[in-house]
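This briefing covers the pocket, fold and nonpolar cores of the chain shown below.

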Amino acid sequence: MINFPRYIVLFLLIISISCNNHNDDIPRTENEIFNNLLEGSFSTIINLDEIKVDTILVDEEYKLGTRISKKFTEPVYLGFPTNSFISLNDSLYVASKQRIYVMDEKGTWQRTVGHKGRGPGEFDSFVKIENNDKHIYAFDYGSSRIHKYDYKLNLVSSVNLTFDYSPLWKSFAFSDTRLYLKSNLNPNDDLISVYDLEGMEGEIETFWPKIIPNGSQPNAYNTVLIDANKNKDLAITHLGTPYLFMFDTENKRIEHVMYFKSSKFQVSENPSLRPIKDEGNSEKARVRTFIKQIILKDNQTIYFTVGKNIYQVIKVDQNYYLNNAWCFVYKNDLKKEGQTKTIDFSSFIIESGSIYFITFLDGYIYRLRLNESV
């Protein structure tokens, strides 16, 4: 069991974080478009190295999916690139390969929805799944199709939308009425398209500028990771950068910028944020990732991964503070001298007082109870 400590004033003073209402302290880049995003909002510099990372022991009892209902005629293996699942009504819905797998609260696989294909209710390749208060949405990257289901996984509608192919990154987010979707095809060079969830037939608007022109390297910096909450907040980060933007979708403005200092990220390891020529050496154009996943809760608590660690940032008044950090180790590995390794997981969610994550290697889901105080 993981116990989240209650944040108190003394604790916040211990964590050495620089927070101010001016952006003069936020490091600038060589990219003027990106620098313009840093202007005119509150800012916080957070040093990830100044908090102790708690090591959580993971036992076999936390493993889900070891039991299969008699309804299945074949084993279930959640291999790569399974990186998307949701928790609803004490069940898990897992997108993997050409199916959505359903697991009950006891960790038993119960049924599947969908099969291989390119039509309504069918999946061609990499699939991601998300939900809001009304529906479940499945994104099929192979057929550029979004399927909408009710909470019983009955198909409601299916539409074709052009969106950025990204099996590794979560580049879409939902509010109750809007879909925010990463797209590389906007003629005005905006990165995020907005759709009405009722029809999803045409863009309502676009926003968030590309920071590298098409055809330049490293274009990976134009990949954004996003998540939304019910309060119309959107968290945005550019792949390979240590900046996180809090965006108010209702008033269409950046409310806060966070800059994360860490020994895990060195500016010299990545190419410049300005457009550069690819001189035939692909190594020069590769972008080293920093933040890999983001979860934005309704109270604006943020969970994100850097390397194999999960960090928790909380909001108090107008400021953001680093509150917790965790890594996970198999309990059995402690008995093997020299073999203890931090667990590498492809996805995680935090719902109803529990953390769930899928590992890269064994394809199982693990669930650990939490005692959240924020």
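**Second largest pocket**

The second largest pocket has a volume of about 280 Å³, the space filled by probe spheres set on grid points joined across faces, edges and corners. A pocket here is an open set of points on a 1 Å grid over the protein atoms alone where a 1.4 Å probe fits, with protein on both sides within 12 Å along at least five of seven lines. The model is predicted: local features need pLDDT of at least 70 and side-chain atom pairs pLDDT 80 or more, while totals for chains, interfaces and linings use all residues. Residues are numbered from 1 along each chain as its sequence is written, and side-chain values use heavy atoms, without hydrogens and water.

- Its lining comprises 16 residues (an atom within 4 Å of a point), of which T29, F265, V267, P271 and L273 lie nearest the centre.
- Nine lining residues are nonpolar, five polar and two charged.

**Chain overview**

- Two helices and 31 strands form the secondary structure, taken as DSSP runs (H or I, at least four residues; E, at least two).
- Of the 374 residues, 55% are buried, that is, under 20% relative accessible area with a 1.4 Å probe, protein chains only.

**Nonpolar cores**

- The largest nonpolar core (buried Ala, Val, Leu, Ile, Met, Phe, Trp, Tyr and Cys joined through side-chain atoms within 4.5 Å) has 28 residues, of which I192, F207, W208, L234, I236 and F245 touch the most other members.
- At least two residues of this core come from each of several elements, including α2 (32-37), β19 (190-196) and β24 (253-261).
- Another core, apart from this one, holds 24 residues, among them M258, I291, V313 and L322.

How values were computed. Ala, Val, Leu, Ile, Met, Phe, Trp, Tyr, Cys and Pro count as nonpolar, Asp, Glu, Lys and Arg as charged, and the others, Gly among them, as polar. Buried means under 20% relative accessible area, exposed over 50%, partly exposed in between (1.4 Å probe, protein chains only).
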